[in-house]
Structures are given as structure tokens and as C-alpha cells.
Amino acid sequence: MNAILKVEGLKVEFEHPLGAVKAVDDVSFALLPGERLGLAGESGSGKSTMALSILRMIKPPGRITGGRVSLDGTELSALDHEGMRHLRLAGIAMVPQGSMNSLNPVIRIKAQFADAFRDHGLKLTSAELETRVAELLRTVGLPPHVANLYPHELSGGMKQRACIAIAICLRPKVIIADEPTSALDVVVQRQVMETLARVQRDLGCAIILVGHDMGLMAQFVDRLGVMYAGRLVELAPIAEIITRPRHPYTQALISSLPSLEKRGAMQGIPGLAPLLRDLPPGCAFHPRCPRAEARCTTEKPAVREVAPNQQAACHFA
Amino acid sequence: MTPLLEARHVTKRYGTNTALSDLSMSIDTSKPAITAVVGESGSGKTTLARMILGLVPPSEGQVLYQGQDMARLSGPQRRQFRRDVQAVFQDPYEVYNPFYRVDHVLTTPVRNFNLASSRAEGRTMIENALRAVGLRPEEILGRYPHQLSGGQRQRIMVARAVLMKPKLIVADEPVSMVDASLRATILTSLRKLTDEMGISIIYITHDLATAYQVSDNILVMYRACVAEAGAVERVVKHPQHPYTQLLISSIPQVSTTRDWLDDEGDQKTAATPSPHGCRFVERCPVAMPKCSTTLPPLYRTEPARAAACFQHEASPELPNGALNEVLTPTA
């Protein structure tokens with residue numbers, strides 16, 4: 001199957017008085033049509049920057065310094081400003097982390113849809129708009145009267161669903177969801193993720209889910225990429241990741257999740273995530289790694305195929 | 001023995017909204033334990049914490065500190081209360097003044113409460129408190145808040161609480177803003193405070209999984225009322241209130257069994273809520289007609305457990321005020 005989204009050698013750097021900071025360092029992966037791919041990692045691992053750079057939304061002092069991203073065969077760097085504007089939402093849509101900060105607080109929900117349609121050159125009569133919005137709201141399980149409400153009149157879960165409805169309004173091929181449920185409680189989280197799963201199935205689009213909750217990843221995605229210090233250190237089908245993680249960092253991420261099975265089974269990852277501008281030599285994870293040997297302190301492990309469909313950047317994988 | 005703190009029929013209203021409804025419990029710190037208070041936003045868990053801390057007065061009922069109404073503490077009693085009961089809040093960013101070194105939050109209580117007789121002694125106390133929460137003083141002291149991670153800053157707040165040699169720490173969502181990988185470390189250091197220093201902890205959270213990992217007892221709150229209470233192992237492994245059951249089944253687990261999205265989950269039922277009925281009735285899969293009209297009391301289903309649900313009507317009612325009977329001290 002041909003990839004719908006292809007990321008090859010993507011690099012993002014941020015200017016800093018003490019030297020450039022590599023936030024995304026040579027990341028490659030391919031997203032299949034209809035696939036759910038997870039990107040997991042701690043804060044500062046580069047997962048959100050990665051998501052933004054796919055949409056070319058990195059702001060100075062950050063910039064994309066290398067690599068290619070293509071959507072359905074179209075190279076994104078070849079697009080001009082207008083072309084890229086059109087592709088956002090219509091080709092690749094984003095469901096943001098804090099829906100409370102991404103909806104315009106002073107206009108009604110309906111008007112936020114109207115903005116999106118107008119900006120993408122769709123001229124709708126108000127009756128057409130009404131029908132389209134009601135249909136989109138119904139898709140995400142919201143009643144039609146929500147169209148006439150302001151964001152502050154909605155609960156957190158409703159706002160996040162409204163954001164999903166906006167994201168799918170132009171039938172994108174890829175949805176990037178950046179921690180879409182991190183501000184919601186568990187019961188609402190499951191409802192929102194069910195909504196996301198359903199609209200994805202109906203639309204047949206692919207999803208990139210960014211987050212750090214390994215439980216959510218285990219239950220939602222088909223494949224998982226694990227990021228550490230700007231690099232994709234493991235990429236494999238989710239069942240493989242859970243049953244046989246190849247990278248010690250992936251293992252540590254899984255163990256840090258509190259279990260409901262056994263008490264006292266929760267282990268933190270020792271040490272701190274490294275500073276991107278001052279990475280340790282060799283493997284960036286070696287100071288925190290239980291398996292580190294002399295070789296890890298000097299030799300940076302390359303990303304390699306450790307099994308069919310499974311890649312990892314560890315000398316011992 | 002007089003318990004350190006006692007809530008007697010405490011209700012808190014904000015306008016027409018009841019944030020906490022007729023809760024009675026006591027906190028006896030002679031048997032140190034971690035009690036988790038779990039619930040969604042609006043369940044009343046933070047209101048409970050703020051009342052225990054004396055930050056908001058109850059609308060009805062009393063909070064007693066060593067048998068004395070909190071509203072009528074004398075100056076010295078209030079000062080003692082401020083030492084005995086310490087708080088750790090959710091946001092490890094907002095509690096620091098960015099212009100001061102982090103040392104400031106540690107030296108201020110030492111000075112204000114005359115904890116040390118000399119500067120050197122104060123320094124030693126601070127270093128010991130930092131070590132007690134798993135921090136290396138040389139990596140922390142002299143730094144500014146922005147130079148430290150959220151996890152480090154939150155542990156400094158725990159160290160500040162430890163410095164006061166409190167009997168009770170009230171921790172309101174202490175790990176919800178730090179990375180998943182660091183939560184375990186912070187919670188483990190809280191557990192050590194109870195086990196090794198005999199400090200009781202009230203752990204307020206919306207995360208049932210971390211509550212299960214660190215606490216001895218649990219109170220599950222739903223819309224201002226206690227839905228279920230008891231020993232954490234029993235409540236999590238065999239939940240008896242439909243809300244607790246819903247909470248537990250909503251947590252995504254790291255497992256190759258993928259049934260999380262297909263689960264029936266939260267369904268609106270036909271039952272109509274009423275101000276006198278069970279708060280959970282409109283979401284309850286097993287609601288009976290009487291649930292809409294009568295508020296179920298807590299039924300003591302097991303020695304160390306009570307659930308506020310008519311499904312357990314056959315069990316004896318737990319008298320209001322006897323909540324502590326189902327909360328056991330640490331094993």
C-alpha cells in the first residue's frame with residue numbers, strides 16, 4: 001500500500017544564543033491510508049514540534065532545516081504560502097491540545113465553521129452552512145443547537161468534539177491530534193476518543209495521535225513511534241511495542257504507567273530528560289538507561305530495522 | 001484521643017450550587033495513612049481539601065482542629081495548625097515567584113516559624129528535607145524556578161511541607177501537571193513520607209490509577225457526595241458503586257486486549273434526575289425508580305467498605321459520621 005503521508009529525514013532546529021537546538025533530528029516514517037499512528041514521548045522529546053513541522057507551522061526562532069514531507073505524492077516544501085494554507089485543514093487537519101484556547105471565545109461555534117469554509121474558498125448560503133454545520137455536529141455527537149453557542153457555554157468534552165467537527169469539515173486525508181484529551185477526565189476522554197475513532201472510520205482518513213499516555217496509545221493506535229530527544233527511537237506495531245519493546249526507553253515509558261492490576265508496579269524513569277542543546281554524547285538516553293554500556297557513551301545508535309516492520313535506535317535492540 | 005482534624009456534617013454551597021454535601025469524617029494522624037479522594041471536576045474533592053486546609057469556611061457544619069472549631073482558633077492554635085497541616089498544590093509553576101531563587105520557599109518557613117537556631121542548622125534542615133523527597137540539594141539550591149523541571153519544582157514543594165514536620169499533608173492534584181514518567185517518582189516520595197516519617201496524606205486526584213498505587217484508603221466522590229469509600233485494594237478490584245465501575249472501566253490499559261473503545265461505557269439513561277434522588281441516576285445503567293426520588297445512604301457492604309447505592313440495600317446502613325470505620329490505617 002502506498003503511504004498517504006511520507007516524512008523523510010525531517011529536521012527542525014531552534015536558534016539559541018548557545019548554539020542551534022535540534023528539536024527534531026532526522027525523523028522518517030510513512031503513514032498508511034486509514035492508519036492510526038501514535039507518537040509518544042516525554043515533554044521536550046520533540047513530538048509536538050514534529051506534528052507542527054508536518055504542517056509547516058514552526059515559528060521563528062525555529063525552522064525546518066532539512067528533510068521532506070509529502071502528502072499523497074505532493075511535496076509540501078514545493079507549495080507556496082497560499083498552497084500550504086489551503087492544504088492545512090483541507091489536506092491535513094489538526095485537533096489541538098487545549099480546545100479552550102483554540103476556539104475563538106467571542107464568536108459562535110457556527111461562525112468558526114463559516115470561517116473555515118470561507119477561508120478555503122467555499123461559498124455557502126446561510127441555509128447551506130446551517131445544514132453542513134448541523135451534519136458535522138451530529139457526526140461528533142453534538143446536538144444542532146450547539147452551533148449557536150459560544151465556546152464558554154460548552155463543557156471541555158463538548159469543546160473538544162467541536163474541534164474534531166471543525167477538523168473534519170473539509171474531509172482531510174490526515175488528522176493530527178496533539179494530546180486531544182489530556183485536559184479531560186477519564187470518562188469524557190473515552191467518549192472523545194470514541195468520537196475520533198468513529199469519524200476517522202467514516203472518513204477513511206489517517207490519524208497521528210501525539211501523547212504520553214501509553215494506555216491510550218495501547219488502546220487506540222495501530223503503530224507507535226517513540227520519540228526521545230528529537231529522534232524517533234522506536235517504531236513498531238502497537239502489539240509488538242507492548243509485548244516486546246526493543247528500546248529500553250519504550251520499556252521505561254510503559255513501566256511508568258500506573259497499573260490497576262498490581263500495586264507498587266509503578267516505576268519512574270530515573271533522571272531527567274536531557275537538555276536538547278546539551279545532549280550527552282553517544283546515545284542520548286544512556287545516562288538514564290539500565291542497559292547502558294561503554295559503547296553507548298560514545299557511539300550514537302542508528303535507526304535500524306530490528307524485525308520486519310519494526311525499527312529501533314539501540315545497540316542492543 | 002482527639003483526632004487532628006474532624007469534619008462534622010460539613011456542607012459547602014457556592015450560590016445555589018452545592019459543592020460538598022453533608023460530609024463527616026475525621027483524620028486521626030496517630031495511625032498514618034494515605035487517603036485518596038477521587039472524582040471528576042465538580043465532584044467536591046478540591047472543596048474538601050480547601051476546607052481541611054482552613055482556606056474556605058463551610059456553609060454548614062464545622063471543621064474541628066484538635067477538637068476546636070477552626071473558625072475560633074486562638075492565635076497560637078492557628079500557628080500550630082499552620083505547622084501541623086501542610087499543602088501541596090497542583091501547579092508547580094504558579095507557586096514560585098520567578099524573581100526569587102527556589103531557596104526562598106524553603107528559608108521563609110524556617111525563619112517565620114523559628115525552626116532553626118542558627119543559619120547553619122536551617123541549611124541542614126533544608127538539605128535533609130530535599131533529600132527526603134529524592135532531590136540532591138546541590139542541584140537545587142541557588143537555582144531559579146525556570147531552571148528546574150516541573151517534577152523538581154513539585155518535589156521542592158513537598159520538601160517545603162516536610163520541613164515543617166507536619167502531621168498531615170493535603171496534596172491537591174500534585175502530579176497532574178508533570179510528565180507521566182515523573183509522576184511515579186513524586187508519588188513514591190509521598191509514600192515514603194507516610195511509611196518512614198509517619199506523615200498522613202490526603203491525596204486529591206482525578207486519576208484513580210495513581211490513587212490505587214499510593215494510597216491505603218479511597219473516597220470516591222460524585223457531585224458533592226461520597227459514592228464509595230473503603231480500602232483501596234477492595235474498591236479498585238471490586239468496585240460496588242456504578243460510578244466507580246464506570247471510572248475504572250474508562251481507564252485505558254496497556255494491554256494487547258483492545259476493548260476500551262468498544263465498551264458500552266457511559267450511556268445516558270431514561271431516568272430523570274431530581275434534587276432529592278441519587279446524583280448519578282441519569283448516567284446509571286442499573287437505576288431503579290426509587291433512585292430518582294431518594295438519595296441512597298452509604299451501605300456498609302464489607303468491614304472496610306461502604307457504597308452509596310440501593311443495590312446494596314441489604315447491607316447495614318453506615319451512620320453519617322461513621323465514615324472512618326471503613327477507612328483502615330496502613331497495613
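In this predicted model, residue B:T11 is placed in strand β1 of chain B, a strand that comprises residues 5–14. With a relative accessible area of 7%, B:T11 falls under the 20% limit and is therefore counted as buried. When residues up to four places away in sequence are set aside, the residues that B:T11 touches are B:T18, B:L20, B:S21, B:D22, B:P58, B:S59 and B:E60.

Chain A contains ten helices and twelve strands. Its radius of gyration is 20 Å, close to the 20 Å given by the globule rule for 317 residues, so chain A is as compact as a globular protein of that length. The C-alpha trace of chain A spans about 70 × 50 × 40 Å along its principal axes, and 54% of the 317 residues count as buried. Of the contacts in chain A between residues at least 6 apart in sequence, 65% join residues that are at least 24 apart. The area exposed by chain A is about 13,700 Å², of which carbon and sulfur atoms supply 52%. Chain A carries 36 positive and 31 negative side chains, and the centres of these two sets lie 1 Å apart.

Within chain A, strand β9 (residues 223–228) is largely enclosed by the rest of the structure, because six of its six residues are buried. This cover extends to both faces of β9(A), with A:R223, A:G225 and A:M227 buried on one side and A:L224, A:V226 and A:Y228 buried on the other. One pairing partner of β9(A) is strand β3 of chain A (residues 36–40), and these two strands run in the parallel sense over four bridges; here A:G225 of β9(A) is the bridge partner of A:L39.

Strand β9(A) also pairs with strand β10 of chain A (residues 231–237), in this case in the antiparallel sense and over six bridges. Between these strands, A:M227 has A:L232 of β10(A) as its bridge partner, while A:R223 stands opposite A:P237. The hairpin that β9(A) and β10(A) form has two residues between the strands, and in this hairpin A:A229 adopts a positive phi near 50°.

Strand β10(A) is itself mostly covered, with six of its seven residues buried. In addition to its pairing with β9(A), β10(A) is joined by two bridges to strand β12 of chain A (residues 310–312), and β10(A) and β12(A) run antiparallel. In this pairing A:L235 has A:Q311 of β12(A) as its bridge partner.

Among the helices of chain A, α4 spans residues 109–119, and its buried residues include A:I109, A:Q112, A:F113, A:A114, A:A116 and A:F117. The cover over the buried residues of α4(A) includes three other helices of chain A, namely α2 (81–90), α5 (126–139) and α6 (156–167). Following α4(A) is A:G121, a residue whose phi is positive, near 75°.

Definitions and conventions. Residues are numbered from 1 along each chain as its sequence is written. Chains are lettered from A and ligands numbered from 1 in the order in which they are written. This is a predicted model: local features need pLDDT of at least 70, side-chain atom pairs count only at pLDDT 80 or more; totals for chains, interfaces and linings use all residues. Side-chain values use heavy atoms; hydrogens and water are left out. Buried means under 20% relative accessible area, exposed over 50%, partly exposed in between (1.4 Å probe, protein chains only). Two strands pair if DSSP finds at least two bridges between them. The radius of gyration is taken over C-alpha atoms; the globule rule is 2.2 Å times the number of residues to the power 0.38. Contact means heavy atoms within 4.5 Å. Accessible areas come from the Shrake-Rupley method with a 1.4 Å probe; for residues, only the protein chains shown count as cover. Lys and Arg count as positive and Asp and Glu as negative; His and the chain ends are not counted. The place of a charge is taken as NZ of Lys, CZ of Arg, CG of Asp or CD of Glu.
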